[in-house]
Structures are given as C-alpha cells and as structure tokens.
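Me: Please show me the model, and then let us go through its main pocket and its ring contacts.

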Amino acid sequence: MNIRTVSFDHPDAVRLNDQVQAEYAVRYEDDGDATPLDRADFEPPRGLYLIAYDESGTAVATGGWRAQDENSEGNLDGDAELKRMYVVEEARGKGLARRILAALEDDARAAGRVRMVLETGAKQPEAVGLYTSSGYEPCAKFGYYRFHELSMCFAKQL
C-alpha cells in the first residue's frame, strides 16, 4: 500500500469523498455530511490530506486533519480535527484506516497540535470501534453537528 499526500480537491480525493458522502446519505437518510470543508483546510502545516493506493494504483482509502483552535463550535486551542476517514468496501479489514490514522496523528503532532478530535455518528459503529480501540475517548460535542442527537465526539491527546 502506498500512502500519498494530496490536495483535498485532487480528483481521487473528490471521487472518494463522493463515495463516503453517498454512504453517509444511506446510513443517515439525508444528503451526507454538510460540514463546510475547503481545500485550504488541509494544506500543511495546518492540515494534511492522505490517500492510500493499492498495488494497481487505485485509490482505496482517505483521511485528513485540519487545525482548529478555540471557536464558537466547541473546539479548543491546539485541536487537530480528523475528517473524511474512509476505506472503500472492497479494501476494508486490511488495516488501512489504522495506518492512515497513525500517519495523521504523527503529522498533527509534528505540526504542534496537542489533541486530535473527531465527530462521527451513532450509525457508524465501525468508526466508533476504530477510534475507541485507538485510544480515543468521548469528549464534549463540537463542530457542525454538535447539537444532533446521533453525533458522537471523541478526542485523543497527541
């Protein structure tokens, strides 16, 4: 597996984002994640976006982090917010999400961020399992969906 840094608007990132949005739409019976995201959110040193490619060069997994500091949505100074973690169905169960998560944590730590935070939902038990088994603990809700009953927020000190 080859993990590469790409821009959030890279064609493979856009394609995988469309796939994860379609999965969210099915799971939550809505239009997907409406959290505002921008290419600039993931530009080093205040963010990073990664894609994992298989042996044939096909993009199969993605994830990114963006810097957040204290704001009206409940973030704290030094936060790195995890976004768009996704593995295509045929590549699941191979440890790709863990590899991307570890790389994102390492990069955020190197960038001076002190806490990785994420928001997921109650209809994503696989995500909850990944994060809790990786040392993430429930935290105060933050972000776009902080008032939504299915929202679940987690944090890990870096």
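The turns below take up the pocket and then the aromatic rings.

Reply: This is a predicted model, in which local features need pLDDT of at least 70, side-chain atom pairs count only at pLDDT 80 or more, and totals for chains, interfaces and linings use all residues. Residues are numbered from 1 along each chain as its sequence is written, and side-chain values use heavy atoms, with hydrogens and water left out.

Me: Which strand or helix supplies the largest share of the lining of the largest pocket?

Reply: A pocket is an open set of points, on a 1 Å grid over the protein atoms alone, where a 1.4 Å probe fits, with protein on both sides within 12 Å along at least five of seven lines, and its lining residues have an atom within 4 Å of a point. The largest pocket is lined by 35 residues, and the elements that each supply at least two of them include helix H1 (11–28) and strand S4 (79–87), where helices (H or I, at least four residues) and strands (E, at least two) are DSSP runs numbered from the N terminus. The largest share, six residues, comes from S4.

Me: How is the aromatic pair of tyrosine 131 and tyrosine 136 arranged?

Reply: Rings of Phe, Tyr and Trp (its six-membered ring) pair if their centres lie within 6.5 Å, with planes under 30 degrees apart counted as stacked, over 60 as edge-to-face and the rest as tilted. By this rule there are five aromatic pairs. For tyrosine 131 and tyrosine 136, the distance is 5.7 Å centre to centre and the angle between the planes is 65°, and the pair is edge-to-face.
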